[in-house]
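Biologist: I'm happier with gels than with coordinates. Could you walk me through how to read a fold?

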Amino acid sequence: MTSNLDVFQPPTFINTDDGNINILQLTDLHLYLDTSTTTSGINNHQSFVACLNQALNEDRRCDLILLTGDLVNEVDTIIYDRVFALLQQTGIPFACLAGNHDVTDEIDNGMSFEQRQFVAHNADPRLLSRHRIALNNWQLLLLDSSVPGKVYGSLGNKNLQWLRQTLANCHNPVMIAMHHHLLPMSSAWINAHITQDSSDFWALIKQFPQVKAVLTGHVHQNFESSKQGVAVYATPSTSYQFQPNQDEFGLDTEAKPGYRWLTLTAEGEIDTWVTRIAE
């Protein structure tokens, strides 16, 4: 029997006739082996499928589906097989990154955070690291910020060296995608789980003005900011949302799951917006 791993070939080049690239970002799916599992009243599997279907039923061409981490809430190959089968059925090129939950099982979720056990795992090999996709005249660079056994992120020397070398040989506009956020949020608890070497990242990026945007997940809410002239985006989860502007952990039960569209234009500009799922 042929597995999804055998047939999966990540995209490296996408070209469109109009010069624009439309990217659908889905993030923080938090899927379980049991597809009936719910979190705060949300069925994570059904919510992800609903987000995917709603987005692809919009009157908009989709050139790339990008999943920016935390595909699972328990590490199991069967869940990844299920997700990759759904994505392959769309016929649209797709790419997936690892998040902390893709390399870490949190045991005893019902206990306080300090009392939980964190079990490290290797990332599923279909989750990309140091991968480059040419999108017309744009470059999309995918980095793995996950750290097995940890909730926080880190890029590490290998990722930063690859990023430096790649940017030094690229003069087209660039967008970088990863899981963990790179700018502080107005929430003390989530900032404890930021990319730990974000200052090294920003020091490197400062040398390369062709970097136009950074795209992340992890924070389960819409976030749009900028640093050093670089646009910074984070996107709502396809499952449950975190309460914004709150120092203690809390869920936002009013905010619906969602996804982000990004259009990378032929002129080197970015048009982006978040859409929430319908009832």
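Modeller: We'll go through the two sheets, the helices lying on them, and one tryptophan. Keep in mind that this is a predicted model, where local features need pLDDT of at least 70, side-chain atom pairs count only at pLDDT 80 or more, and totals for chains, interfaces and linings use all residues. Residues are numbered from 1 along each chain as its sequence is written, and side-chain values use heavy atoms, with hydrogens and water left out.

Biologist: Fine. What counts as a helix or a strand, and when do two strands pair?

Modeller: Helices (H or I, at least four residues) and strands (E, at least two) are DSSP runs, numbered from the N terminus. Two strands pair if DSSP finds at least two bridges between them. Here, one open sheet has five strands in the order S6-S5-S2-S15-S16, with mixed pairing.

Biologist: Which strands sit at the edges of that sheet?

Modeller: Strand S6 (94-97) and strand S16 (270-276), each of which pairs on one side only. On average, neighbouring strands in this sheet are turned by 20 degrees against each other, direction ignored. For such angles, axes are lines fitted to C-alpha atoms (for helices, over the stretch in contact), and values run from 0 to 180 degrees between N-to-C directions. To see one pairing up close, take S5 and S6: they are parallel, with four bridges, and Ile65 has Phe94 in S6 as its bridge partner.

Biologist: What lies across this sheet?

Modeller: H2 lies across S2, S5, S15 and S16, at about 165 degrees to S2. H3 lies across S5 and S6, at about 155 degrees to S6.

Biologist: How do I check that H2 has the expected span?

Modeller: The expected span is 1.5 Å times one less than the number of residues. H2 (residues 44-56) has 13 residues and reaches 18 Å from first C-alpha to last, close to the 18 Å expected. At its start, a side-chain oxygen of Asn43 comes to within 3.1 Å of the backbone nitrogen of His45.

Biologist: And which residues of H2 are buried?

Modeller: Buried means under 20% relative accessible area, exposed over 50%, and partly exposed in between (1.4 Å probe, protein chains only). In H2, the buried ones are Asn44, Ser47, Phe48, Cys51, Leu52 and Ala55. Down the axis of H2 they fall within an arc of 135 degrees, so they line one face of the helix; the arc is that of the directions from the helix axis to the C-beta atoms. Among the elements they pack against are strand S2 (21-26), strand S5 (64-68) and helix H3 (77-89).

Biologist: Now the tryptophan. Is Trp261 buried or exposed?

Modeller: Trp261 is in strand S15, and because its relative accessibility is 0%, Trp261 counts as buried. Contact means heavy atoms within 4.5 Å. Leaving aside neighbours within four places in sequence, the contacts of Trp261 include Ile23, Leu24, Ala55 and Trp273.

Biologist: What is the strand order in the other sheet?

Modeller: This open sheet has seven strands in the order S1-S9-S10-S11-S12-S14-S13, with mixed pairing. Its edge strands are strand S1 (13-14) and S13. Look at strand S10 (residues 138-142), where five of the five residues are buried. Trp138, Leu140 and Leu142 point one way, Gln139 and Leu141 the other.

Biologist: How does S10 pair with S9 and S11?

Modeller: Strand S9 (residues 131-135) runs antiparallel to S10, joined by five bridges, and Arg132 partners Leu141. Their hairpin has two residues between the strands, and Asn136 takes a positive phi near 55 degrees. S10 and strand S11 (residues 174-177) run parallel, with four bridges; there Gln139 partners Val174.

Biologist: Which helix lies across S10?

Modeller: H5 does, along with S9, S11 and S12, running at about 170 degrees to S10. The buried residues in H5 are Asn159, Leu160, Trp162, Leu163, Thr166 and Leu167. They cover an arc of only 160 degrees around the axis, which puts them on the same side of H5. Asn157, Lys158 and Gln165 are exposed on the other side of H5. The buried residues of H5 pack against S9, S10, S11, H7 and S12.

Biologist: Which residues of H7 are buried?

Modeller: In helix H7 (residues 198-205), they are Ser198, Phe201, Trp202, Leu204 and Ile205. Those residues fall within an arc of 160 degrees seen down the axis of H7, so they line one face of the helix.

Key: Polar contact = N/O pair within 3.5 Å; in protein donor to acceptor, adjacent residues only side chain to side chain.
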